[in-house]
Amino acid sequence: DIAEIKEALQNNNQALAAAKIKELLDNQSNIPLNIAITGESGSGKSSFVNAFRGVDHKDEKAAPTDVVETTAEVIGYPHPNYPNVILWDLPGIGTTKFPVDDYLKLVGFEKFDFFIIISDARFRENDVKLAKKITEMGKKFYFIRSKVDSDLLNAQRSKRDFDPEKTLSLIRENCKR
């Protein structure tokens, strides 16, 4: 049940969430599920696709990653254990090739069942626009904050009274808002 997965994630119980997702996927193994991975360029969308699928970045079946804009078209990557689950690596929103105003049409937003918005920083204007459009379509999304390890390292370097739990709590609250 999606509500159970959401509750497990909110309670930071990733093992339970993973078990519930596996259970859901096992029960739904014959139903196609098209999951769009979206967000700004450089946020870690392709890395997430690879991690979710358990594929190393160097594997020939991996979504390409780099320090510059890499994903130039919508590409589907089937999950190795659940062939009916396809993760769609979308180009970054707000780039010169995929401007905000044309993004939804260019990537074919309507064909996806579910969305994961990835951001490597604060929830930004483009994330809000994506979330609103997804909601208007009557579909669901999750927001994932990537590269938190870098945020923690930067906070540690810049604060005398660094507390990793306090910093993580601040990040979580910002995402919820």
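**Close-up views: a sheet and its helices**

**View 1. Helix α3 has a buried side that faces the strands.** The buried residues of α3 pack against β1, β2, β3, β4 and β5. This is a predicted model, in which local features need pLDDT of at least 70 and side-chain atom pairs count only at pLDDT 80 or more, while totals for chains, interfaces and linings use all residues. Residues are numbered from 1 along each chain as its sequence is written, and side-chain values use heavy atoms, with hydrogens and water left out. The helix and strand names come from DSSP runs, numbered from the N terminus: a helix is H or I over at least four residues, and a strand is E over at least two. In α3 (residues 45-53), the buried residues are Lys-45, Ser-46, Phe-48, Val-49, Asn-50 and Arg-53. "Buried" means under 20% relative accessible area, "exposed" means over 50%, and "partly exposed" is in between (1.4 Å probe, protein chains only). Just after α3 comes Gly-54, with a positive phi near 70°.

**View 2. Arg-53 and Ala-62 touch each other.** Arg-53 sits in α3 and has a relative accessibility of 8%, so Arg-53 counts as buried. Leaving out residues up to four places away in sequence, Arg-53 touches Lys-61, Ala-62, Tyr-77, Pro-78, His-79, Pro-80 and Leu-87; a contact here means heavy atoms within 4.5 Å. Ala-62 belongs to the loop between α3 and β2, and Ala-62 counts as buried because its relative accessibility is 12%. With that same sequence cut-off, the residues that Ala-62 touches are Asn-50, Arg-53, Val-55, Asp-56, His-57 and Tyr-77. For scale, Ala-62 and Phe-115 are 53 residues apart along the chain, with 20 Å between their C-alpha atoms.

**View 3. Five strands line up as an open, mixed sheet.** Reading across, the order is β2-β3-β1-β4-β5. At the edges are β2 (75-78) and β5 (140-145), each of which pairs on one side only. Neighbouring strands are turned by 25° against each other on average, ignoring direction. Axes are lines fitted to C-alpha atoms (for helices, over the stretch in contact), and angles run from 0 to 180 degrees between N-to-C directions. Two strands count as paired if DSSP finds at least two bridges between them. β2 runs antiparallel to β3 (residues 85-89), with four bridges joining them; one of the partnerships is Gly-76 with Trp-88 of β3.

**View 4. Strand β1 is mostly covered.** Six of the seven residues in β1 are buried. β1 runs parallel to β3, joined by five bridges, and Asn-34 has Ile-86 of β3 as its bridge partner. Five bridges also link β1 with β4, again in the parallel sense; here Thr-38 is partnered with Ile-117 of β4.

**View 5. Helix α4 meets helix α5.** Val-128 is a residue of α5, and at 30% relative accessibility it counts as partly exposed. Val-128 and Ile-117 are eleven residues apart in sequence, and their C-alpha atoms are 9.7 Å apart in space. Helix α4 (residues 100-107) packs on α5 at an angle of about 45°, with the axes 11 Å apart. That angle makes α4 oblique to α5; under 35 degrees counts as roughly parallel, over 145 as roughly antiparallel, 65 to 115 as roughly perpendicular, and the rest as oblique. Val-100, Tyr-103 and Leu-104 of α4 make the contact with Asn-126, Lys-129, Leu-130 and Lys-133 of α5. By class, that gives four nonpolar, one polar and two charged residues. Ala, Val, Leu, Ile, Met, Phe, Trp, Tyr, Cys and Pro count as nonpolar, Asp, Glu, Lys and Arg as charged, and the others, Gly among them, as polar.

**View 6. Helix α6 crosses helix α7.** α6 (residues 148-158) and α7 (residues 164-176) pack at about 130°, and their axes are 10 Å apart. The two helices are therefore oblique to each other. The crossing of α6 past α7 is right-handed: the near helix is turned clockwise from the far one by less than a right angle, whereas anticlockwise would be left-handed. From α6, Val-148, Asp-151, Leu-152 and Ala-155 meet Pro-164, Thr-167, Leu-168 and Ile-171 of α7. Sorted by class, this contact has six nonpolar, one polar and one charged residues.
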